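Biologist: I have a model open and would like to learn how to read it properly. Could you take me through it, feature by feature?

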Amino acid sequence: MSLPEPFRLLAYLLGIMAFVGLNAAYLVWVERKGAGRFQRRPGPTEVGYAGLLQPIADAVKLLTKQVIVPPGADATLFRLAPVVVLAPALMCLAIIPFGPHLVAREINVGLLLLFAFGSINVMAIMIGGWASRNKYAIISAARVVSQDVAYEIPMLLVVITMLMVTGTMDLNQIVRQQAGAFWNWNLFKLAANPLMPVTFVIFYICMLAETNRAPFDMAEAESELVAGAFTEYAGMGFGVFFMAEYANIVVGCAVATVLFLGGWQSPIGILPGAFWFLLKLYALVFSVVWVRWTFPRTQFYGLLNLSWKILIPIALFTLILSSVMLKLF
Amino acid sequence: MSLTLQQLQAHLGGLVFAPPEPAAAAAGPPTSPERSSPPESEAVPSSAATAPEPDGVRLVDYASRGVHLEVRTPASQVVAAAELLDREGFALDAVTGVDWIAQGEMEVIYDYFHPTAPWRVAVRSRIPRDHPQVPTISAVFPGANWHERETHDFFGIRFLGHPDLTPLLLPEDADFHPLKKDFAV
Amino acid sequence: MAVAQGKAPNETFVLNLGPQHPATHGVLRVKLTMDGEYITRAEPVPGYIHRMQEKMGENRTWAQYLPNTSRIDYLSAMAYTHGYVGAVERAAGIQVPPRAEYVRVITSELNRISSHLVWFGAFLLDLGGFTPLLYAFDDREKILDLLEGITGSRLTYSYYRFGGLYNDVDEDFLGGTREFVAQMRPRLGMYRTLVTENIILRKRLEGIGVITPEQCRKYGATGPVIRGSGIAYDVRKVEPYSVYADFEFDIPVFPEGDSMARYLVRMEEMGQSLRIIEQALAKLPDGPVMAEKVPRVLKPPAGDYCYAVEAARGRFAVLVVSDNKEMAYRIKLRTPSFSNLSLFEEVSQGMMLPDALALMGSLDLVIPDIDR
């Protein structure tokens, strides 16, 4: 790339925004189509071929709806929340390496930045729930906070494990270390830590919980809390929360791909890196959709028990194990 | 289930059917005295005067009526009857009323079923129409709470001692009782 | 587990669950007094779609009231019509021909399965699992098609008449029902492996919302609720009506009393209903489906008559008081959901909100059945 740095960054930012927008729109389509298949029905078929234009129609509908700020709500915070929820997801994507050179900003503390921004999501939902002045929203906000705090811990323990194994916070560097066939991926680096697949599963579960996806969708929990923190949001306010949910899934799956599945590394040595990255990314995203339409929702304390009593001990154990392995070998 | 209809009839026979004889209650299984004589017992009429059938316990033909045992009792005895049936292991089916406008009476019907034996018992009590009140059995069967509230909604029958007689199915400000026969539709 | 322990007298707040809320499946309002996510008091406020069905019974003829009975519990309309028709037949002393009774059993049991399927889907929806609903509706659709074929209606059938049926069943129905029974068995197995054995479902239901047999008795709870508390009470066995005495079937009973027990009761019951349908199809006698001498204008002799049936949600009893006129003097509908809901306040105390909703779902409420 020979563009001057500011223009290059601008181009990348535009690209990322378009990527997030398109992803949100078309992941909704994938979700609806996928849900349809899981439920033995065709899903959207009317708008465009196989319903492909459905997301556009939805977006137009959401955009033309009035944004209602309920009386009694804190108008500033209420309007702020959708912005705060989407911005960190965009930031995270700026440091994700989509290909060997396809990264907006390569920085050597990428991993740290990722989780710093990733945590803002919680605050946004809390702001939204709090500002709505709705009891369902407040219950939901309180749930989200305790849920995300609970799951941040095992997730970060896993990340520390990975940090010890890889020895770097630079995402692109992590990917480069996993070059070669698929048994070089961190997921299969059993020499460094025999429990690596377990670590991946913990990370995956934590990612589901962090993004408030079923079966951990305590925030929305439509049969309990109507729509949770988003109850009072109409039109694009709700639309942005929706987009952010999918953006967060993409970020979560992208991080999982980078950390465990070899990022843009091709397992068989053909086709460009970006292709493999997206393939792995969407395979993970699809599994997230799959989980959502298969399992019922967990109970809230069951969710917290899972984190505090099962995931954290296991994550701690793998952490200690890998540090011991590191010392021994 | 060892309970037979005849035993049940005998037990229920221990209820007081002529109002001013509380001593007779002791003949049956022990009943708690404060329940068997409700505070407003002076308001209880001798319903035998206008009721089509006299008070008492009688076996009826299940095939043609749908109940096995019918108990006609003065209003003062419905709680004692409920306690007795409770001890026999009966469950509350429903509480309802019938407005006998021609006779100037209201009938309160307590239906019971037995969860393990095939017996059905109906306890009926007639009360004056212009002053309809019976003691509540919700202390014995908490499930009666809603049934009595409903019956109060529909007939205006007051259940003395009931914890909360606000309308259940009717709007909360309803001051009419639609199942009374003189309620114009 | 789900009990607030050693809590300081905190501030509580009131949360209105309904009248329009996804979990109440209709217009039921529950006034929750909450301490955080714990329920300190849950007061159901029914009556939002109260239609005064009982008064309607008093100002229309016996036959005119018949369609109303399908609209009380619209999910198991057959059993409700059966209860009313049975009460009037008992009052008027009408003998129903055996073929009609067998067809009544077949249709009632089909309707029970379809009702349980709706509950199954809706219950899983309450628990956040959306997919089983569509599978359940897939199966239910077949039942509705069968019943539509003979009654002309998919939900509010009004198929039974005093003394028999509206019309005889045809070969399409009988063949279709046989086919359905054969198809449904493996489907029940599929539900067991896909849903019942799911760890999340089990964790959410086991030990949650325990109703004791004593509570069932005191509140008059019936149907799967009482059978999930270990009491084998089923009107079909205890007070056999119609021709239920002719069939061999078991009453599924689970002693735990928790939401899982009620869930399992209903799942097992569908299998038992299939058994009954199979036997009824095999034994179905020929003959008329209408009693010979049913007067055009019914005037049952004065008196009161009661008839109870086992509807999908429990004991449905109709008490009719006749004064020998063409209209009823009084019709009392004893509906199972009313009694089943009345114990919600006591049982839900101290539970967490999602658990209470699981409990409510496991009671299988149909709101018009409560409000009438």
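Modeller: We'll go from the chains down to single residues.

Modeller: First, the ground rules: this is a predicted model, where local features need pLDDT of at least 70, side-chain atom pairs count only at pLDDT 80 or more, and totals for chains, interfaces and linings use all residues. Residues are numbered from 1 along each chain as its sequence is written, chains are lettered from A and ligands numbered from 1 in the order in which they are written, and side-chain values use heavy atoms, with hydrogens and water left out.

Biologist: Which chains share the most contacts?

Modeller: A contact means heavy atoms within 4.5 Å. Two pairs of chains are in contact here, and B with C shares the most contacts. Chains A and B do not touch; 25 Å separates their nearest C-alpha atoms.

Biologist: How many helices and strands are there in chain A?

Modeller: Elements are DSSP runs, numbered from the N terminus: helices are H or I with at least four residues, strands are E with at least two. Chain A has twelve helices and zero strands.

Biologist: And how do I judge its compactness?

Modeller: Take the radius of gyration over C-alpha atoms and set it against the globule rule, 2.2 Å times the number of residues to the power 0.38. For chain A the radius is 20 Å, close to the 20 Å that the rule gives for 329 residues, so it is as compact as a globular protein of that length. Its C-alpha trace spans about 65 × 50 × 45 Å along the principal axes.

Biologist: What supplies the exposed area of chain A?

Modeller: Accessible areas come from the Shrake-Rupley method with a 1.4 Å probe, and for residues only the protein chains shown count as cover. Chain A exposes about 14200 Å², with carbon and sulfur atoms supplying 75% of it. For chain C, the exposed area is about 12200 Å², and carbon and sulfur atoms supply 52%.

Biologist: How many of the residues in chain C are buried?

Modeller: Buried means under 20% relative accessible area, exposed over 50%, and partly exposed in between (1.4 Å probe, protein chains only). In chain C, buried residues make up 66% of the 372; in chain A, 53% of the 329 residues count as buried. Chain C itself comes to 15 helices and eight strands.

Biologist: Which strands pair in chain C, and in what direction?

Modeller: Two strands pair if DSSP finds at least two bridges between them. Strand E6(C), residues 303-311, and E7(C), residues 314-322, run antiparallel and are joined by nine bridges. One of the bridge partners is easy to find: Gly303(C) goes with Ser322(C). A hairpin of two residues links the strands, and eight of the nine residues in E6(C) are buried.

Biologist: Is Ile211(C) buried or exposed?

Modeller: Ile211(C) counts as buried, because its relative accessibility is 1%. You'll find it in the loop between helices H7 (199-205) and H8 (213-219) of chain C. Not counting residues up to four places away in sequence, Ile211(C) touches several residues, including Val225(C), Arg262(C), Leu343(C) and Leu363(C).

Biologist: And how enclosed is helix H4 of chain B?

Modeller: Nine of the ten residues of H4(B), residues 78-87, are buried, so the helix is largely enclosed by the rest of the structure. Among those buried are Val78(B), Glu83(B) and Asp86(B). After H4(B) comes Gly89(B), with a positive phi near 90°.
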